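Some words used for a protein model rest on a stated criterion, and a newcomer may fairly ask how each one was earned. The questions below take such words one at a time.

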Amino acid sequence: MLRKLFIRILLLGAVVAFSVFLFSSGKGHTLLLDNKTATMGGHEHAAVSAVTVTVDSLKPVKILPGERDLVVVKGVHHRITVSGAGVTVEKRFELPFEDMFLCSMPALLDGDDAWFEAKRPEAPKAADDSNKEEVPVAGEILPL
Amino acid sequence: MNQSKTTRFLINNAVTILFVILSIMSIPLSGYSLPYLFQEILTRLGRNMFLVLSLLIPIIAGMGLNFGIVLGAMAGQIGLILVSDWNILGMQGILLAAIIGTPISVFLGWICGSVMNRAKGREMVTSYILGFFIDGLYQLVVLYLMGSLIPVLNRALVLSRGYGIRNAVNLVGIRQVLDNLLPLQIAGVRIPLATYLVIAALCLFIVWFRKTKLGQDLRAVGQDMGTAEAAGIPVERTRIIAIIISTVLACYGQIIFLQNLGTLNTYNSHTQTGMFAIAALLIGGASVVKATIPNAFIGVILFHLLFIVSPMAGKELVGSAQIGEYFRQFISFGIIAVALVLHAWRRRNEAEQSRSLLRGGGARQEGQSRTAGIKED
């Protein structure tokens, strides 16, 4: 009886551990790759000339001065490579729980440790009929 | 002898034969090419097969067609809503949704099985009505508790009033993740190999399960509950297990279904899951008391083939594609009604046959001549 209980607790623990692993390895993050003059960690970093950014094994993106691009990554551990202004910087980093991060390329190239910060995603833009309450509907014909 | 065999075959497979004839007639009318139809059938087979297979185990247990699979579908949807809120992408999202859905579907399956044990002989109508009841609870949770009592971080999921989930949830993070896990393309036809492997695994599980002690118990319970009870089989417990397995499989089936579509209609997606899955199984030649894996395959292929071609065939015949939409509703409900009528008719015939066997052939003849005599008088 005790053995059975022990096995059940062990199985439950394994499922919980697996769920935590799935959660952390599957968590999606949006990285806003920013090449604008920005103040990060109390220091101002001026926008640099066009940079090419590669995150993990994703397609490289080219960001002109004053522009911003975004990539979506999955999991906690990542690698970013930034090439521009005659230098190439490669950095490994870990992302916390938040959904969206603002990554300053000038700060990264300047070697500032506070080159990314969490950013709260904007609420969906209010449409013209935003005052109207969306009514849940049921009983429609379904796609099959 | 041969004639009676043919007649029996025709009666037993009347619905399937009717659908084959309808499909053969509709395909040329629709104007669709065969490669297109083949691709569509492959996609829909992968999308729906798991849900249809989830119906088999309660049939083995003699509990008829389990309309209660909508309970499992709701559990799967709750898992998907939470996964979308937490922004879990890829296969991790699908697996996590399944893990979240499993305890909910086990609990709902236990409720469903317990209720069915109190309504023996009327399992189908009981599970059908129970689906409506649990749908009410689901709406309470999703429409009022999510965003208020249950935290929802993603504001895009919440209704503008600040609580309750929107009508449509975009499953972009897990859209066709399973289908594209092992991409395979043969002669321009895309095959969702990973989905088919999951379906094959479920088929193997069902075949293996039927041979286990529990599977044998289920069959014994399905054949005669009284005898099974006398043989020491815990009938009620076995029936509850059958429904729990079916509900959990339906939960996974709904997740597979929705990952393929890529959009969750929060208040609609589950409502007719049971109806369409049951209709597909019956079209494949299954009955209320007997269903096999080939029945499920044939049924899904025929049901969806007609669904694909009927709007265009309707447009050609009547000038309106909308007729196809009505047609599929008509087919779903009509086919279930026909199957239930056939089931009642067969049971009455079987009962009459067994009664006449008990009386003995001679007695029956005597009875017939007596009746004839009365009529003549």
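Q: How many helices and strands does chain A have?

A: In this predicted model, chain A has two helices and ten strands. Read along the sequence, they follow the pattern α-β-β-β-β-β-β-β-β-β-α-β.

Q: What makes strand 7 and strand 8 of chain A a pair?

A: Two strands count as paired when there are at least two bridges between them. Strand 7, residues 77–84, and strand 8 of chain A are joined by eight bridges in the antiparallel sense, so by that criterion they are a pair. Within this pairing, Gly84(A) stands opposite Val87(A) of strand 8.

Q: Why does one side of strand 5 and of strand 8 of chain A lack a neighbour in the sheet?

A: The sheet is open, with four strands in the order 5-4-7-8 of chain A and antiparallel pairing. Strand 5 (61–63) and strand 8 (87–94) of chain A are at its edges with a single partner strand each, and therefore one side of each has no neighbour in the sheet. From one strand to the next, the twist averages 25°.

Q: What is the order of the strands in the open sheet with mixed pairing?

A: That open sheet has four strands of chain A, in the order 6-1-9-10. Strand 6 (67–74) and strand 10 (116–118) of chain A are the edge strands, each with a single partner, so one side of each is left without a neighbour in the sheet. Here the twist from one strand to the next averages 25°. Strand 9, residues 100–104 of chain A, runs antiparallel to strand 10 and is joined to it by three bridges, and Cys103(A) stands opposite Phe116(A) of strand 10.

Q: How do you know that helix 12 of chain B is largely enclosed by the rest of the structure?

A: A residue is called buried if 20 or more other C-beta atoms lie within 10 Å of its own. Eleven of the eleven residues of helix 12 (residues 273–283) of chain B are buried, so the helix is largely enclosed by the rest of the structure. Among them are Thr273(B), Gly274(B), Phe276(B) and Ile283(B). Just after helix 12 of chain B, Gly285(B) takes a positive phi of about 100°.

Q: Which residues touch the most other members of the largest nonpolar core?

A: They are Val52(B), Leu55(B), Ile278(B), Ala279(B), Leu281(B) and Leu282(B), in a core of 103 residues. Helix 11 (residues 235–261) of chain B gives the largest share of this core, 15 residues. Apart from it lies another core, of 18 residues, which includes Leu33(A), Cys103(A), Leu108(A) and Phe116(A).

Q: Why is Asn87(B) called buried, and why is Asp56(A) called partly exposed?

A: Asn87(B) has 21 other C-beta atoms within 10 Å, and because the cut-off for a buried residue is 20 or more, the word buried applies. Asp56(A) has 13 other C-beta atoms within 10 Å; a residue is exposed with 12 or fewer and partly exposed between the two limits, so a count of 13 is partly exposed. Asn87(B) is in the loop between helix 5 (69–86) and helix 6 of chain B, whereas Asp56(A) is in the loop between strand 4 (51–55) and strand 5 of chain A.

Q: What makes the phi angles of Asp56(A) and Asn87(B) worth pointing out?

A: Most residues other than glycine have a negative phi. Asp56(A) is not a glycine, yet its phi is positive, about 50°, and Asn87(B), also not a glycine, has a positive phi of about 60°.

Q: Where is Tyr196(B) placed, and why is it called partly exposed?

A: Tyr196(B) is in helix 8 (residues 193–211) of chain B. Around Tyr196(B) there are 17 other C-beta atoms within 10 Å, and since 20 or more would be buried and 12 or fewer exposed, a count of 17 is partly exposed. Tyr196(B) and Leu45(B) are 151 residues apart in sequence and 8.7 Å apart in space, C-alpha to C-alpha.

Conventions:
Residues numbered from 1 in each chain as written. Chains lettered and ligands numbered in written order. Predicted model: local features only at pLDDT ≥ 70, side-chain atom pairs only at ≥ 80, totals over all residues. Axes fitted to C-alpha atoms, helices over the stretch in contact; angles between N-to-C directions. Core = buried A, V, L, I, M, F, W, Y, C linked by C-beta atoms within 7 Å.
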